[in-house]
Amino acid sequence: MIRTQRWSALAAGLLLCVGAFAIDTEAAFPDAVRQARYEHLTQELRCLVCQNQSIADSNASLAGDLRREVKEMIAAGKSDDDIKAFLTARYGDFVLYEPPLSARTVLLWAAPGLLVLLTVGAATRVILRRSKAPIDADPEEPV
Amino acid sequence: MLRYLTPAIAALALGALFWFALHRIGNGTLDVREIKSPLIGRAAPTFTLPLVMDPAQRFDSHSMAGKVYVVNVWGTWCPACREEHESLISLSRITGVPFVGIDWKDDNAEANRYLAQLGNPYQTVVADAEGRVAIDWGVYGAPETFLVSKDGKVLAKYAGALTEAVWAEKFAPLVSQQGGAP
């Protein structure tokens with residue numbers, strides 16, 4: 001009994017943590033639609049001071065200012081693309097956690113696929129070679 | 001033979017790359033935190049802000065049209081700004097290029113005290129209490145220094161404490177290209 005209580009307390013604590021990463025103490029918008037857009041955008045934008053946090057997670061002063069800008073632009077009826085364009089015109093693509101596909105980022109985007117191809121290719125070669133070799137005479141081992 | 005050579009060569013190549021990068025970080029030619037400003041070569045953001053010395057008056061950046069000038073973003077709360085202050089004073093005197101200071105998210109009384117005590121390198125210094133103009137300039141830390149051309153374009157940006165050496169390397173050649181200080 002005590003054990004299940006402990007586990008449920010832990011689970012509840014962990015669930016609370018999920019929300020606790022955001023710095024905002026109250027909702028930016030009364031309606032769920034704009035609030036969701038606000039939360040999504042601030043998660044996607046990088047805090048330029050801390051560089052490994054989104055502006056939703058950071059308590060840096062600049063992150064607060066950027067959250068205010070995002071909030072005001074949503075309130076003014078700007079689209080998500082307008083808001084991202086506003087920020088990239090000032091801070092460059094670095095402000096976006098997901099950089100757009102361009103000549104400079106093509107390697108970044110293609111790298112996971114290339115690595116998978118390379119690994120599969122190498123593995124296939126090794127497996128084929130080993131499966132052709134006679135069981136007792138492993139060519140990889142010096143006799 | 002090849003199966004030992006390939007990983008060895010790969011490891012050496014990777015090691016050489018790391019060594020090269022660390023060496024450049026070590027001697028200051030590579031700053032991994034630097035964010036290249038998309039403003040370079042584009043029209044400098046315009047602004048109208050109250051003067052730190054007299055908040056009843058406002059300064060309009062259009063009044064700098066036709067001049068090469070420096071925009072320096074600073075704050076009394078910023079230790080690196082204190083570090084570069086002497087350099088700003090001597091550079092503004094020696095070069096004759098006007099320095100426009102943007103006091104970023106600061107207390108005005110504090111800023112006045114700071115400038116009275118340490119000297120004022122700025123031709124004009126304005127207060128950006130809400131930090132909106134700083135966002136227009138893509139500022140992500142203080143101090144940050146920009147050079148603006150006669151036709152109002154951003155020529156260069158430097159993030160961090162400005163020194164005479166940085167000026168000579170990054171800003172002075174651009175000022176000469178513009179035909180020197182006004």
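These exercises with worked solutions concern a predicted model with chains A and B.

**Exercise 1. The fold of chain A**

Task: State how many helices and strands chain A has, and what share of its residues is buried.

Solution. Begin with the secondary structure: chain A has 5 helices and 0 strands. Read from the N terminus, its elements run α-α-α-α-α. Next, take burial: of the 143 residues in chain A, 26% are buried. Last, look at sequence separation. Among contacts in chain A with a separation of 6 or more, 49% are between residues 24 or more positions apart.

**Exercise 2. A loop residue**

Task: Determine where T105(A) lies, whether it is buried or exposed, and what its side chain reaches.

Solution. Step one is location: T105(A) sits in the loop between α4 and α5 (106-132) of chain A. Step two is accessibility. The relative accessible area of T105(A) is 11%, and the cut-off for buried is under 20%, so T105(A) is buried. Step three is the surroundings. Once neighbours within four places in sequence are set aside, T105(A) is in contact with P99(A) and P100(A). With P100(A) there is also a side-chain to backbone approach: the side chain of T105(A) reaches the backbone oxygen of P100(A) at 2.8 Å.

**Exercise 3. The interface of chains A and B**

Task: Describe the interface by its residues in contact, its buried area and its polar pairs.

Solution. Start with the residues: 18 of chain A are in contact with 17 of chain B. Then take the area. The two chains bury about 1500 Å² between them, with 47% of it on carbon and sulfur atoms. On the chain A side, Q51(A), R90(A) and Y91(A) lose the most area to chain B, together 35% of what that side buries.

Now count the pairs. The interface has 4 salt bridges, and 6 residue pairs are in polar contact across it. To place the chain A side on the fold, note that α3 (61-75) and α4 (80-91) of chain A each supply at least two of its residues. Helix α3(A) gives the most, with 7 residues. By residue class, the side of chain A that touches chain B divides into 8 nonpolar, 4 polar and 6 charged.

**Exercise 4. Salt bridges and a network**

Task: Compare the settings of the salt bridges D65(A) to R68(A), E72(A) to R132(B) and E144(B) to K157(B), and name the residues joined into one network.

Solution. The search over all chains finds 15 salt bridges. Side chains of opposite charge can pair when their charged atoms come close.

- Within one helix: D65(A) and R68(A) form a salt bridge whose closest N and O atoms are 3.9 Å apart. Both residues lie in helix α3 of chain A, 3 residues apart, about one turn of the helix. D65(A) has 5% relative accessibility, so D65(A) counts as buried.
- Between chains: the side chains of E72(A) and R132(B) meet in a salt bridge at 2.9 Å, N to O. This pair crosses from helix α3 of chain A to helix α4 (residues 132-136) of chain B. E72(A) is partly exposed at 36% relative accessible area, and R132(B) is partly exposed at 27%.
- Between strands: E144(B) and K157(B) form a salt bridge with the closest N and O atoms 2.8 Å apart. E144(B) lies in strand β6 (residues 144-148) and K157(B) in strand β7 (residues 154-159) of chain B, so the pair ties together parts 13 residues apart in sequence. Each partner counts as buried: E144(B) at 1% relative accessibility, K157(B) at 13%.

The final step is the network. Through shared partners, salt bridges join D65(A), R68(A), E69(A), E72(A), K105(B), E130(B) and R132(B). The pairs D65(A) to R68(A) and E72(A) to R132(B) have their residues in this network.

**Exercise 5. The domains of chain B**

Task: Give the residue ranges of the domains of chain B and the separation of their centres.

Solution. First read the assignment: domain 1 of chain B covers 1-32, and domain 2 covers 35-177. Then take the centres over C-alpha atoms; those of domain 1 and domain 2 of chain B are separated by 39 Å.

Conventions: Residues numbered from 1 in each chain as written. Chains lettered and ligands numbered in written order. Predicted model: local features only at pLDDT ≥ 70, side-chain atom pairs only at ≥ 80, totals over all residues. Heavy atoms only, no water. Domains from an automatic or database assignment. Contact = heavy atoms within 4.5 Å. Buried area = accessible area lost by both parts, 1.4 Å probe. Polar contact = N/O pair within 3.5 Å; in protein donor to acceptor, adjacent residues only side chain to side chain. Helix = DSSP H or I, 4+ residues; strand = E, 2+ residues; numbered from the N terminus. Nonpolar A, V, L, I, M, F, W, Y, C, P; charged D, E, K, R; others polar. Buried < 20%, exposed > 50% of the residue type's maximum accessible area, 1.4 Å probe, protein only.
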